[in-house]
Amino acid sequence: MENKDEKNGEQEQKLDQSSSELSHVKRVERLTGRPAHVFLRRGVFFAHRDFDDILNAYERGEKFYLYTGRGPSSEALHLGHLVPFMFTKYLQDAFKVPLVIQLTDDEKCMWKNLSVEESQRLAHENAKDIIACGFDISKTFIFSDFDYVGGAFYKNMVKVAKCVTYNKVVGIFGFTGEDHIGKVSFPPVQAVPSFPTSFPHLFSGKDNLRCLIPCAIDQDPYFRMTRDVAPRIGYHKPALIESSFFPALQGESGKMSASDPNSAIYVTDSAKDIKNKINKHAFTGGQESIEKHRKYGANLEVDIPIKYLNFFLEDDAELEHIKKEYGAGRMLTGEVKKWLIEVLTELVERHQRARAAVTDEMVDAFMAVRPLPNMFD
């Protein structure tokens with residue numbers, strides 16, 4: 001007799017690598033009546049699980065909700081942290097659907113050895129950066145785990161926890177005998193925002209509402225586990241649309257780290273900081289001399305300024321022009337860096353202005369447990 005759980009587990013390993021295929025892009029544009037986001041057009045969000053099911057349901061007139069999150073481990077976000085939120089805002093605006101944003105202050109307290117109070121403070125500060133991305137307060141509920149977990153949310157956590165063996169969670173997350181039990185018990189906390197009954201103040205009577213999760217690819221293990229469990233406790237599997245890693249300034253071998261401020265562009269950086277970081281630390285594919293560069297051109301596959309422009313330069317024609325000229329050696333590394341500095345300075349300064357306008361009262365309003373009567377308008 002066929003073991004369906006085993007079969008489902010095998011299928012969950014296979015990630016559909018086609019969220020940026022032309023058919024998806026055109027279909028999203030047709031369903032929403034607006035141009036696809038640059039992250040979708042250029043394959044930044046490059047993979048998905050069941051995104052087609054979401055689009056099929058939407059085409060039938062069925063709504064869905066969005067779920068994304070942030071682990072508040074530092075005061076300042078870097079540009080890589082902004083990517084999922086920028087894309088999620090586009091999805092909220094384009095599909096006119098509600099959004100829940102989880103701040104996992106409990107997770108960071110356990111993983112980063114932060115105090116409970118410091119984790120809560122960072123969650124509050126990070127919420128300001130998230131709100132600054134422009135989310136619609138009439139369609140958005142932001143919650144921190146320390147404040148919200150309980151009631152229906154906790155009931156779903158227990159249901160998930162009963163379905164996942166210790167061996168399974170060790171296999172997925174690599175826990176060892178040295179890890180405290182808080183880490184082992186955390187995955188259900190991140191799983192259950194995928195289920196509408198976790199939010200009775202929002203989705204009462206909408207137990208079949210589907211969920212779409214925009215996130216970075218490193219979050220996939222959490223949601224493979226969630227998708228394995230969901231049908232066993234009576235829910236739709238959450239759909240995922242996942243982004244590639246945002247590279248460190250030092251290149252693909254580097255890692256963005258708060259301990260190395262020169263590894264990333266932060267949303268708190270000044271125009272001078274951005275200029276210095278790009279000019280001094282951005283790894284390039286340009287040749288070692290102008291003569292060689294003119295002859296051989298740049299290696300665009302490893303060039304960080306080109307990779308960053310692929311994320312943040314809106315104009316497709318401009319990007320193609322830069323890649324063509326730089327790749328052929330007619331444009332120099334310094335010129336490409338200058339272009340990137342302008343793009344990132346404008347982006348960061350715009351974010352800083354938006355964040356400065358976010359008050360503590362606005363954070364409280366977004367995080368208030370309340371119905372959202374116009375969330376599907």
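## A mixed sheet, its helices and some salt bridges

Helix α14 (residues 220–229) lies across strands β1, β2, β5 and β6, and runs at about 170° to β6. Keep in mind that this is a predicted model. Helix α4 also lies across β1, β2 (64–70), β5 (210–216) and β6, and its direction is at about 140° to β5.

Now for the sheet itself. It's an open one built from six strands, in the order β1-β6-β5-β2-β3-β4, with mixed pairing. The edges are β1 (45–49) and β4, each of which pairs on one side only. Going from one strand to the next, the twist averages 20°. As a reminder, strands of a sheet pair through backbone hydrogen bonds, either parallel or antiparallel.

Both senses turn up here if you look at the two edges. At one edge, β1 pairs with strand β6 (residues 239–243) in the antiparallel sense, over four bridges. Phe-45 stands opposite Ser-243 of β6 there. At the other edge, strand β3 (residues 99–103) and β4 run parallel and are joined by five bridges. Here Leu-103 sits opposite Ser-144 in β4.

So is β4, an edge strand, buried or exposed? Five of the five residues of this strand (residues 140–144) are buried, so β4 is largely enclosed by the rest of the structure. Its side chains go two ways: Thr-140, Ile-142 and Ser-144 point to one side, Phe-141 and Phe-143 to the other, and all are buried.

Away from the sheet, take a look at helix α18 (residues 316–327) and helix α19 (residues 333–356). Their axes come within 10 Å and cross at roughly 160°. That angle makes α18 roughly antiparallel to α19. The crossing is left-handed. On the α18 side the contact is made by Glu-318, Ile-322 and Tyr-326, and on the α19 side by Thr-333, Val-336 and Trp-339.

On to the charged pairs. Searching the whole structure turns up 27 salt bridges. Three of them are set out here, including the closest N and O distance for each.

| Basic residue | Acidic residue | N to O distance |
|---|---|---|
| Lys-26 | Glu-29 | 4.0 Å |
| Arg-30 | Glu-59 | 2.9 Å |
| Lys-128 | Glu-125 | 3.9 Å |

Start with Lys-26 and Glu-29, which form a salt bridge. Because they are three residues apart in helix α2 (residues 22–32), about one helical turn separates them. Lys-26 is partly exposed, at 49% relative accessible area, and Glu-29 is partly exposed too, at 22%.

Then there's the salt bridge between Glu-59 and Arg-30. This pair links distant parts of the chain: Glu-59 belongs to helix α4 (residues 51–59) and Arg-30 to helix α2, 29 residues apart. Glu-59 is partly exposed, with a relative accessible area of 40%, while Arg-30 counts as exposed at 53%. Helix α4, you'll recall, is one of the helices lying across the sheet strands β1, β2, β5 and β6.

Finally, Lys-128 and Glu-125 meet in a salt bridge. Both lie in helix α7 (residues 116–131), three residues apart, which is about one turn of the helix. Lys-128 is buried, and so is Glu-125. Which residues are joined with them into one network? Through salt bridges that share partners, Glu-125 and Lys-128 are in one network with Asp-129, Arg-355 and Asp-360.

Methods: Residues numbered from 1 in each chain as written. Predicted model: local features only at pLDDT ≥ 70, side-chain atom pairs only at ≥ 80, totals over all residues. Heavy atoms only, no water. Salt bridge = Lys/Arg side-chain N within 4 Å of Asp/Glu carboxyl O. Buried < 20%, exposed > 50% of the residue type's maximum accessible area, 1.4 Å probe, protein only. Pairing = 2+ DSSP bridges. Axes fitted to C-alpha atoms, helices over the stretch in contact; angles between N-to-C directions. Parallel < 35°, antiparallel > 145°, perpendicular 65-115°, else oblique. Left-handed = near helix turned anticlockwise from the far one by under 90°. Contact = heavy atoms within 4.5 Å.
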